Structures are given as C-alpha cells and as structure tokens.
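Hi everyone, thanks for making time for this. I'd like to walk you through one structure today, so please have a look at the screen before I start talking.

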Amino acid sequence: MRLDKYVAQALQITRSQARNLIAKGGVTVDGQVCKKADAALKGGEAVQAGGQTLGREAFVYIMLNKPMGVVSASTDKRDTTVVDLLQGAFPRRELFPAGRLDKTSTGFVLLTDDGAFAHDILSPRRHVPKTYRVRLDTPVTQAMAEAFAQGVTLADGQTMQPAQLIPDEADPLAATVVLRQGVYHQIKRMFGVLGAGVDELHRQAIGGLELDPALAPGQWRAITPQELERLAPGRKKG
Ligand code: URA
C-alpha cells in the first residue's frame, strides 16, 4: 500500500492532508523520515505519523485469482506456486494459502500470514461456505442435487456434510456448488461417485466475499478490513 493512503486511513485524515504531513517530514518509516507520499509499504514496517505510532500492520490478507497449472503451496521444486505469483511483494512475511485449490482448479485463493485466521475459516465447525462454479462432462441432474443435499458418501466410505448443488439454467453442464468443509479433492470425488467428471472448477467466493472480477488469472490485491469482515463475519481481526 502507498504510504499516503496508509497514513490517511490510519489517522482518518484526507489523502491530501496525509501528503502534506509526509512532505513536511512528519512521517517516519522504520525510524527514518520518509517524504515520499508514493513510497510503497510492503507490510510489517513501523510507521509513525503526526506524533502517533501507527504500529505494524498486524497481518497481511491477499485475494488471488489462481490460474490453471499453479499449485496451492508456498514453495515447490517443480511448479509455480500461489506465493510465487506475489513476486516477492512481501519480503518480510511468510505467506501461505489458507485452503487449497487443485493444480487444475482456478479462482479465489486467500493468502495470509495469520495462522489463527486461516485455521478458523477452514474449520468445518465455523461453517464458512466456499462457492464454486463447476462444469461437468455430463449434464447436471436433479438426482445429483438431491445427493449433494443428503450428503454424498465417497468411494472410501466417508460421508460428506450436506452441500448445495444449484444447476445453471443456461448451461446444462454447469452448476454452482457450495461446500462448508474441505476434504481433499472433495468436489471431484463427490461427482465421481455420481458418475460425472469435473472438467472445470473455479472458486468464486469464500464466505460472503466474492473474487474481485477485475482480477485476471494470476493477479492479486490486498483484502480490505471491511472485506475481511464479510469473509468471516463476527471474527476479530489479528
Ligand atoms: N474440490 C476439488 O475437488 N478440487 C478443488 O480444487 C476444490 C474443491
């Protein structure tokens, strides 16, 4: 985030007031006066402004549109990871994906360094819904929707919690799936036992937060505090 924006938000002043303050030498970053309004904060710096310590940004939360072929991991010997796509933008942070998408799946991946938050939104007890768009190799049927609502039993005998399957009226092969748990390859395995293959799987939303449609595959941006609240309502940040 730009320094002037950060200072304006933290002190609840306008951007031009923040620029003024910065130009006058009223802002320090990691103990050094910084007069550049467009200085980029990577997260984690100690910022003092107008005589107040704004402190360190507690944690970083990123929304990424994962492209096909990228793996949901922090490091990998062979493949590009979701963390590689940040191109070193947060050198002081150990970011990781909160919840995985398969290499062939696309869409919303949340990257953070807040382990407690990640644990919380992934916990089946929190019931944070994850919304996916799927495209099958065979038409979506009412019987599939009923099986999802009942709780599909996977080939290994595990019964999944009830999930929603909403057929797409315009495309017989497509549907929206809403899950509240995250078992490995869950959607593909659920359709597998119902005799259907999944050709496309795209995560559209986590909780009440939709993937920003302005993000092309591979692009990312910071999640705002208001959006974080939509992601996991009622949970205290940090
Ligand atoms: N279910 C799957 O099968 N794959 C994903 O990537 C996510 C959910």
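Let me begin with a definition: a residue is called buried when its relative accessible area is under 20%, exposed when that value is over 50%, and partly exposed in between. Please also keep in mind that this is a predicted model.

With those words in hand, here is the overall picture. The protein chain has six helices and 13 strands. Of its 238 residues, 45% count as buried. Along the principal axes, the C-alpha atoms fill a box of roughly 70 × 40 × 35 Å. If you look at contacts between residues at least 6 apart in sequence, 60% of them join residues at least 24 apart.

Now to the salt bridges. How many are there by the rule used here? The count comes to twelve. One of them joins the side chains of Arg-15 and Asp-4, at 3.6 Å from N to O. That pair links distant parts of the chain, with Arg-15 in helix H2, residues 15–23, and Asp-4 in helix H1, residues 3–11, eleven residues apart.

Asp-4 also meets the side chain of Arg-19 in a salt bridge, this time at 3.0 Å from N to O. Again distant parts of the chain are linked: Asp-4 sits in helix H1 and Arg-19 in helix H2, 15 residues apart.

Are these three residues buried or exposed? Asp-4 counts as buried because its relative accessibility is 0%. Arg-19 counts as partly exposed because its value is 37%, and Arg-15, at 33%, is also partly exposed.

There is another salt bridge to point out, between Asp-79 and Arg-78, where the closest N and O atoms are 4.0 Å apart. Asp-79 is buried, with a relative accessible area of 17%, whereas Arg-78 counts as exposed at 73%. Going back to the helices, salt bridges that share partners join Arg-2, Asp-4, Arg-15 and Arg-19 into one network.

Let's move on to the strands, and to S11 in particular, which covers residues 198–206. Strand S7, residues 106–112, runs parallel to S11, and two bridges join them. One pairing to find on screen is Thr-106 with His-202 in S11. Strand S8, residues 130–136, runs antiparallel to S11, with seven bridges between the two. There, Lys-130 has Ile-206 of S11 as its bridge partner.

S11 also pairs with strand S12, residues 209–210, in the antiparallel sense over two bridges. Ile-206 stands opposite Leu-209 in S12. Two residues lie between the strands of this hairpin, and Gly-207 takes a positive phi near 55° there.

Next, the inside of the protein. In soluble globular proteins, nonpolar side chains tend to be buried together. Which residues have the most contacts inside the largest nonpolar core? They are Leu-165, Val-177 and Phe-191, in a core of 34 residues. The elements that each supply at least two residues to this core are strands S5 (61–66), S7, S8, S10 (174–179) and S11, together with helices H4 (142–150) and H5 (186–193).

Val-177 is a good residue to click on. Leaving aside residues up to four places away in sequence, Val-177 touches a list of neighbours including Tyr-132, Val-134, Phe-148, Leu-165, Ile-187 and Phe-191. A second, separate core of 17 residues includes Met-63, Phe-108, Leu-209 and Leu-211. You have met Leu-209 already, opposite Ile-206.

Finally, the ligand. What surrounds it? The residues are Leu-101, Asp-102, Ser-105, Tyr-132, His-185, Gln-186, Ile-187, Lys-188 and Leu-201. Tyr-132 and Ile-187 were also among the residues that Val-177 touches.

Several backbone atoms come up at the ligand. A polar backbone atom of His-185 is 3.3 Å from an oxygen atom of the ligand. For Ile-187, a backbone N or O atom lies 3.1 Å from a ligand nitrogen. Lys-188 likewise has a backbone N or O atom 3.1 Å from an oxygen atom of the ligand.

To leave you with a short tour: start at buried Asp-4, move on to S11 and its seven bridges with S8, visit Val-177 in the 34-residue core, and end at the ligand beside His-185, Ile-187 and Lys-188. Thanks for listening, and I'm happy to take questions.

Methods: Residues numbered from 1 in each chain as written. Predicted model: local features only at pLDDT ≥ 70, side-chain atom pairs only at ≥ 80, totals over all residues. Heavy atoms only, no water. Pairing = 2+ DSSP bridges. Helix = DSSP H or I, 4+ residues; strand = E, 2+ residues; numbered from the N terminus. Buried < 20%, exposed > 50% of the residue type's maximum accessible area, 1.4 Å probe, protein only. Core = buried A, V, L, I, M, F, W, Y, C linked by side-chain atoms within 4.5 Å. Contact = heavy atoms within 4.5 Å. Near = heavy atom within 4 Å. Polar contact = N/O pair within 3.5 Å; in protein donor to acceptor, adjacent residues only side chain to side chain.
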